[in-house]
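Grab the viewer and try these short exercises. Each one comes with a worked solution, so have a go before reading on.

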Amino acid sequence: MTKEIWDKLAMKRALVRITYEIIERNKGVEDLVLVGIKTRGVYLARRMRDRLKEVEKVDVPVGELDITPYRDDRKKDFSQEKIPDLEPMDLDITNKNVVLVDDVLYTGRTIRAAMDALIANGRPKSISVAVLVDRGHRELPIKADFVGKNIPTSLNEQVSVNVSEIDGVDSIELINLK
């Protein structure tokens, strides 16, 4: 069974609110960088950048981060492998206030992997986390600094964030897996 939690308008409002919170917390947009975690986090980060440009008249850089090589559920031995860097993003994060953007925060492992990837490629001034949905069930001591909506879930439920760029519609759905 699938239940729509938010529609396009509710998602837009949440992203606008998060964007204003980022401006407020960072006291503007100086040295601000948004890094979207692939895949849906990238599109959310771009939308936030567009709103920042409207409000602050500054084009804040947006990077795309693939955290796959940094995931702790991979079976590879990193001791013999060069960890990939962020050069394809063409984004310097050193001494920047980085906001990691993702769609759903669940166990915290994706954010941990993203922080590992960032730190392997520079030394940001700060790292904060913006998510559209925090569904709970953390396995690591990680929390979001900016949250669109807290949706308490059971372990047999899944939160699905749909973005028009990929899914043809903007919505957040709660899916019962039983």
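**Exercise 1.** Work out the strand order of the three-stranded open sheet and find its edge strands.

*Solution.* In this predicted model, the order is 1-8-7, with antiparallel pairing. Next, look for strands that pair on one side only: these are strand 1 (2-6) and strand 7. From one strand to the next, the twist averages 25°. Now zoom in on strands 7 and 8 (residues 171-176): six bridges join this antiparallel pair. Within it, Val 161 sits opposite Ile 172 of strand 8. Finally, add helix 1, which packs on the sheet and touches strands 1, 7 and 8. The helix direction makes about 45° with that of strand 1.

**Exercise 2.** Check whether the span of helix 1 (residues 8-25) agrees or disagrees with its residue count.

*Solution.* Start with the 18 residues of helix 1: at 1.5 Å a residue, they should span 26 Å. The end C-alpha atoms are 26 Å apart, so the two agree. Then inspect the ends. At the start, an oxygen of the Asp 7 side chain comes within 3.3 Å of the backbone nitrogen of Leu 9. Just after the helix, Lys 27 has a positive phi of about 55°. Last, list the buried residues, among them Ala 14, Leu 15, Ile 18 and Ile 22.

**Exercise 3.** Decide whether Thr 153 is buried or exposed, and find its side-chain polar partner.

*Solution.* First locate Thr 153, in the loop between strand 6 (146-150) and strand 7 (157-162). Its relative accessible area is 12%; buried means under 20%, so Thr 153 is buried. The side chain of Thr 153 makes a polar contact of 2.9 Å with that of Arg 135. Beyond its neighbours within four places in sequence, Thr 153 also touches residues including His 137, Val 159 and Leu 174.

Technical notes: Residues numbered from 1 in each chain as written. Predicted model: local features only at pLDDT ≥ 70, side-chain atom pairs only at ≥ 80, totals over all residues. Heavy atoms only, no water. Helix = DSSP H or I, 4+ residues; strand = E, 2+ residues; numbered from the N terminus. Expected span 1.5 Å × (residues − 1). Buried < 20%, exposed > 50% of the residue type's maximum accessible area, 1.4 Å probe, protein only. Polar contact = N/O pair within 3.5 Å; in protein donor to acceptor, adjacent residues only side chain to side chain. Contact = heavy atoms within 4.5 Å. Pairing = 2+ DSSP bridges. Axes fitted to C-alpha atoms, helices over the stretch in contact; angles between N-to-C directions.
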